[in-house]
Amino acid sequence: GTLAAIKRAQSFLRESRYYIKLDISKYFASIDRNTLLEILQRKLKDARLLKLITRIVWNPPDEERGLPIGNMTSQFFANVYMDPFDHFVKETLKQRHYIRYMDDFVVFTDDRSGIRGLLDRMKAYLNDELGLKVKENGVVINTPMHGLGFLGVRIFPSTVRLHRKNLTRCLRKIRLREREYSRGQIDEERLVLSVSSIVAHMAQFNTLTLRKRVMGSRPMVPTG
């Protein structure tokens, strides 16, 4: 899950001097359906299953690129689509410290002089083999001390902080549950369980001061 990916990224950050993060432009809309099916055919040998998958992939049938966002099968296919790139980075480029979550990926390295060549080869593979392009201004090259923005948090070697927009989202959810409670739409038990769940999520990151401030007027909910 995302928490495991964040912890792994932090581990790599502690062991490396630099990182390279790439952001793919319009990922779901750019997936080539023929290429996706070729990748799946190399992995699956059941003819009936492949026939069913082909029908799913080619829906709607008049577009050669793109998968519907939000569809569970689309998320699975989108993850599979990047599998050849994973092998390329690890086996051809020999990058052991590499992590990907869907289309969000980072390479960690100590070789400053090789960063540009590494970046060029990754971008070329994405374009030539998968038909994917990196966003303009979608490349971040930095050092661990500046932190790594990844999966809604900012990761440092010794701490992990929630991005401000995710903090705002958590606080908005808490206020929504409180409004539902005041209107009689949910009972106190549901309110406490819901808010406690949100606070528990926040507690996985460096948010203790914020949690104490936010929950100061809500004594029924622990700060985590």
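A residue is taken as buried when its relative accessible area is under 20%, and by this criterion 42% of the 224 residues of the chain count as buried in the predicted model. The chain contains ten helices and seven strands, and its C-alpha trace spans about 55 × 45 × 30 Å along the principal axes. The accessible surface comes to about 13,200 Å², of which 49% belongs to carbon and sulfur atoms. Among the contacts with a separation of 6 or more, 68% are accounted for by residues 24 or more positions apart.

In soluble globular proteins, nonpolar side chains tend to be buried together. In the present model, the largest nonpolar core comprises 36 residues, of which Tyr27, Met82, Phe85, Met122, Leu126 and Leu130 touch the most other members. At least two residues of this core are supplied by each of strand S1 (18-24), helix H2 (27-30), helix H3 (33-43), H4, helix H5 (72-81), helix H6 (83-92), strand S3 (104-109) and helix H7 (115-130). The largest share, seven residues, comes from H7. When neighbours within four places in sequence are left aside, Met82 is in contact with Ile24, Tyr27, Arg100, Met102, Phe105, Leu126, Leu130 and Leu132. A second core, separate from that just described, consists of 25 residues and includes Ile99, Val153, Leu191 and Val195.

Helix H4, formed by residues 47-57, was examined in further detail. The buried residues of H4 are Leu50, Ile53 and Val57; seen down the axis of H4, these buried residues fall within an arc of 65°, so they line one face of the helix. Packing of the buried residues of H4 takes place against H3 and H5, both of which, like H4, supply at least two residues to the largest nonpolar core. On the other side of H4, Arg48, Lys51 and Arg55 are exposed.

Nonpolar side chains of this part of the chain also appear at the surface, where Leu49, Leu52 and Ile56 make a nonpolar patch of about 230 Å². Leu49, which lies in H4, has a relative accessible area of 36% and is therefore classed as partly exposed, because this class covers values between the limits of 20% for buried and 50% for exposed residues. The value for Leu49 also satisfies the requirement that patch residues have over 30% relative accessible area. H4 thus combines a face lined by Leu50, Ile53 and Val57 with exposed Arg48, Lys51 and Arg55 on the other side.

Conventions. Residues are numbered from 1 along each chain as its sequence is written. This is a predicted model: local features need pLDDT of at least 70, side-chain atom pairs count only at pLDDT 80 or more; totals for chains, interfaces and linings use all residues. Side-chain values use heavy atoms; hydrogens and water are left out. Patches are made of residues with over 30% relative accessible area and no salt bridge: like charges are joined within 9 Å, nonpolar side chains (Val, Leu, Ile, Met, Phe, Trp, Tyr) within 5 Å. Accessible areas come from the Shrake-Rupley method with a 1.4 Å probe; for residues, only the protein chains shown count as cover. A salt bridge is a side-chain nitrogen of Lys or Arg within 4 Å of a carboxyl oxygen of Asp or Glu. Helices (H or I, at least four residues) and strands (E, at least two) are DSSP runs, numbered from the N terminus. Buried means under 20% relative accessible area, exposed over 50%, partly exposed in between (1.4 Å probe, protein chains only). A nonpolar core is a set of buried Ala, Val, Leu, Ile, Met, Phe, Trp, Tyr and Cys residues joined through side-chain atoms within 4.5 Å. Contact means heavy atoms within 4.5 Å. The arc is that of the directions from the helix axis to the C-beta atoms.
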